[in-house]
Amino acid sequence: MTVFKYELKQLKKNIIIWSLSMGGLIFLMLPTYLGFISGTDVMMAKTMNNNPMFEALGVSFAFIMTPLGMFSFLNSFAMTAAAIHGMSIAFSTHTKEYMNKSAEFLLTKPHSRKRVFFCKLLACTADSLIVGTAYITGAVLALLTVKGISVDWWAFLLIGKSLVLVELMFVVLGTAAGTFFPNVRTPVLLSSCVMFSLFCLSSMSKKIHVPVLGYFTPFAFFDPISIAETGFYQWNYVVWYVILAGGLLFISCSVYLKKDVVFGG
């Protein structure tokens with residue numbers, strides 16, 4: 001637990017900033033957007049109905065005009081921030097070992113490389129779970145402040161948790177990237193590029209109606225309309241999520257165990 005506590009301490013400032021930002025923004029934005037759809041006139045509704053952006057995000061106009069649909073719409077954009085956050089922290093925890101030449105502690109402290117690998121992963125996971133909890137809490141408080149609306153809380157929770165699950169998948173991607181490319185000096189920039197590419201791939205998959213492309217991007221794993229209709233995630237994507245995450249972690253751990261120790265100096 002020593003390595004876990006150390007890594008989590010390094011992420012403390014990051015956790016506070018991201019938790020307050022994600023929770024605060026959704027708390028402020030959700031009531032505002034709900035007020036917007038409740039006051040939409042007929043002309044504006046017709047204009048919005050033909051907006052191709054909704055289809056690219058996997059939501060329909062009819063769905064987005066409901067409280068749950070509006071939350072799903074905002075959640076789609078919040079996922080992009082969460083994805084950058086998840087991948088960048090995991091990427092950084094591995095690249096700093098090489099950039100700062102700090103891996104020589106492995107020679108002096110009784111920690112196996114496998115333990116170090118999973119402690120780093122666990123610290124990043126804890127970071128993501130705390131930020132995700134703050135985000136969902138902010139959304140719940142926001143919905144409770146709006147009077148006269150009805151929300152399917154189970155579907156809401158599943159859609160909110162989808163952001164956390166996407167962020168955790170990007171933690172896995174960041175872990176893999178940091179293991180294979182430990183000398184990268186700009187993990188946040190690279191994480192942003194990966195997020196943008198996968199987000200565009202998800203949008204294209206929904207726009208051209210080619211579901212197979214969705215298996216290559218975490219953003220397509222959790223369809224809000226399907227969640228609202230069925231009350232759960234799509235099983236094919238759930239199974240693929242577990243296989244993909246497990247496979248990447250297994251390969252990353254195997255490579256990490258064989259890496260040379262970098263000496264300071």
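**Helix crossings and buried spots, close up**

**View A. The axes of α1 and α7 come within 8 Å and cross at roughly 40 degrees.** Before going further: this is a predicted model, where local features need pLDDT of at least 70 and side-chain atom pairs count only at pLDDT 80 or more, while totals for chains, interfaces and linings use all residues. Numbering starts from 1 along each chain as its sequence is written, and side-chain values use heavy atoms, leaving out hydrogens and water. Axes here are lines fitted to C-alpha atoms, for helices over the stretch in contact, and angles run from 0 to 180 degrees between N-to-C directions. α1 and α7 are therefore oblique to each other; angles under 35 degrees count as roughly parallel, over 145 as roughly antiparallel, 65 to 115 as roughly perpendicular, and the rest as oblique. The crossing of this pair, α1 and α7, is right-handed (the near helix is turned clockwise from the far one by less than a right angle; anticlockwise would be left-handed). On the α1 side you'll find Val3, Phe4, Glu7 and Leu8, meeting Val116, Cys119, Lys120, Leu122, Ala123 and Ala126 of α7; contact means heavy atoms within 4.5 Å. Sorted by class, the residues of the α1 and α7 contact are eight nonpolar, no polar and two charged. For the bookkeeping, Ala, Val, Leu, Ile, Met, Phe, Trp, Tyr, Cys and Pro count as nonpolar, Asp, Glu, Lys and Arg as charged, and the others, Gly among them, as polar.

**View B. Helix α1 (residues 2-10) has Val3, Phe4 and Glu7 as its buried residues.** Look down the axis of α1 and its buried residues fall within an arc of 100 degrees, so they line one face of the helix. That arc is taken over the directions from the helix axis to the C-beta atoms. An α-helix has 3.6 residues a turn, so residues three or four places apart point the same way. Over on the other side of α1, Thr2, Lys5 and Lys9 are exposed. Cut-offs: buried is under 20% relative accessible area, exposed is over 50%, and partly exposed is in between (1.4 Å probe, protein chains only).

**View C. Helix α7 (residues 113-145) packs with helix α8 (residues 153-180) at an angle of about 155 degrees, axes 9 Å apart.** That makes α7 roughly antiparallel to α8. The crossing of α7 and α8 is right-handed. Their contact has 17 nonpolar, six polar and two charged residues.

**View D. Helix α7 packs with helix α11 (residues 235-258) at about 135 degrees, with the axes 9 Å apart.** α7 and α11 are therefore oblique to each other. α7 passes α11 in a right-handed crossing. From α7, the contact draws on Arg113, Lys114, Val116, Phe117, Phe118, Lys120 and Leu121, and from α11 on Leu249, Ser252, Cys253, Tyr256 and Leu257. By class, the contact of α7 with α11 comes to eight nonpolar, one polar and three charged residues.

**View E. Pro218 is in the loop between α9 and α10 (224-230).** Pro218 is buried, at 4% relative accessible area. Not counting residues up to four places away in sequence, Pro218 touches Val166, Met169, Phe170, Leu173 and Leu198. Pro218 and Phe170 are 48 residues apart in sequence and 8.1 Å apart in space, C-alpha to C-alpha.

**View F. Ser202 is part of helix α9 (residues 187-207), and Ser203 lies in α9 too.** Ser202 counts as buried at 3% relative accessibility, and Ser203 counts as buried at 15%. Leaving out residues up to four places away in sequence, Ser202 touches Thr217, Phe219 and Ala220. As for Ser203, 8.2 Å separates its C-alpha from that of Ala220, 17 residues apart along the chain.

**View G. Ile16 sits in helix α2 (residues 12-38).** Ile16 is partly exposed, with a relative accessible area of 45%. The C-alpha atoms of Ile16 and Asp127 are 9.5 Å apart, with their places 111 residues apart along the chain.

**View H. The chain overall has eleven helices and zero strands.** Helices (H or I, at least four residues) and strands (E, at least two) are DSSP runs, numbered from the N terminus. Buried residues make up 47% of the 265 residues in the chain. Of the contacts between residues at least 6 apart in sequence, 78% join residues at least 24 apart.
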